[in-house]
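Student: I should like to work through a structural model by question and answer. Please begin with a pair of side chains and proceed from there.

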Amino acid sequence: MKKLALAKLLAKQTSVSTGAAADDLDRVVHDILKNLRQGKAASVPNLGEFVPDKDAVVRFKRARAKQ
């Protein structure tokens, strides 16, 4: 899914403008990248976690399904 399509979907679901939703997406991506560059994990609630390893490879660990 492209950023604009995702921003439109988020805007519709959260009753904000498409521009505001796009800004929020940018902020989330920026925060994830910032953490990874610092060697820290970055969580995405209800989805999982991006985890850097010592070889500069980033792995994604899916969140366990809630029962």
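Student: Is Phe50 buried, partly exposed or exposed?
Tutor: This is a predicted model, in which local features need pLDDT of at least 70, side-chain atom pairs count only at pLDDT 80 or more, and totals for chains, interfaces and linings use all residues. Residues are numbered from 1 along each chain as its sequence is written, and side-chain values use heavy atoms, with hydrogens and water left out. Buried means under 20% relative accessible area, exposed over 50%, and partly exposed in between, with a 1.4 Å probe and protein chains only. The relative accessible area of Phe50 is 27%, so Phe50 is partly exposed.

Student: How is the pair formed by the rings of Phe50 and Phe60 classed?
Tutor: Rings of Phe, Tyr and Trp (its six-membered ring) pair if their centres lie within 6.5 Å; planes under 30 degrees apart count as stacked, over 60 as edge-to-face and the rest as tilted. By this rule the count comes to one aromatic pair. The ring centres of Phe50 and Phe60 are 4.8 Å apart and their planes stand at 55°, so the pair is tilted.

Student: Which strands hold Phe50 and Phe60?
Tutor: Helices (H or I, at least four residues) and strands (E, at least two) are DSSP runs, numbered from the N terminus. Phe60 is partly exposed, at a relative accessible area of 39%. The two residues are ten apart and the pair links distant parts of the chain, with Phe50 in strand β2 (residues 48-52) and Phe60 in strand β3 (residues 58-62).

Student: How far apart are the C-alpha atoms of Glu49 and Phe60?
Tutor: Glu49 is found in strand β2 and counts as partly exposed at 29% relative accessibility. Contact means heavy atoms within 4.5 Å; not counting residues up to four places away in sequence, Glu49 touches Ala41, Ala42, Ser43, Arg59, Phe60 and Lys61. Glu49 and Phe60 are eleven residues apart along the chain, and their C-alpha atoms are separated by 5.6 Å.

Student: Is Ala42 buried or exposed?
Tutor: Ala42 is placed in strand β1. Apart from neighbours within four places in sequence, Ala42 is in contact with Ile32, Asn35, Gly48, Glu49 and Phe50. The C-alpha atoms of Ala42 and Ile32, ten residues apart along the chain, are separated by 5.4 Å. With a relative accessibility of 3%, Ala42 counts as buried.

Student: Which element gives the most to the largest nonpolar core?
Tutor: A nonpolar core is a set of buried Ala, Val, Leu, Ile, Met, Phe, Trp, Tyr and Cys residues joined through side-chain atoms within 4.5 Å. The largest such core has five residues: Ala7, Ala11, Ala21, Ala22 and Leu25. The elements giving two or more residues to this core are α1 (3-14) and α2 (18-37). The most, three residues, comes from α2.

Student: Which residues does Leu25 contact, leaving aside neighbours within four places in sequence?
Tutor: Leu25 lies in helix α2 and counts as buried at 16% relative accessibility. From C-alpha to C-alpha, Leu25 and Val44 are 12 Å apart in space and 19 residues apart in sequence. Beyond those neighbours, the contacts of Leu25 are Lys3, Leu6, Ala7 and Leu10.

Student: How do the residues lining the largest pocket divide into nonpolar, polar and charged?
Tutor: Ala, Val, Leu, Ile, Met, Phe, Trp, Tyr, Cys and Pro count as nonpolar, Asp, Glu, Lys and Arg as charged, and the others, Gly among them, as polar. On a 1 Å grid over the protein atoms alone, a pocket is an open set of points where a 1.4 Å probe fits, with protein on both sides within 12 Å along at least five of seven lines, and lining residues have an atom within 4 Å of a point. The lining includes Asp24, Leu25, Val44 and Phe50, and its largest share, six residues, comes from α2. The lining divides into ten nonpolar, no polar and one charged.

Student: What is the phi of Ser15?
Tutor: Ser15 is placed in the loop between α1 and α2 and counts as exposed at 70% relative accessibility. Most residues other than glycine have a negative phi. Ser15 is not a glycine, yet its phi is positive, at about 60°.
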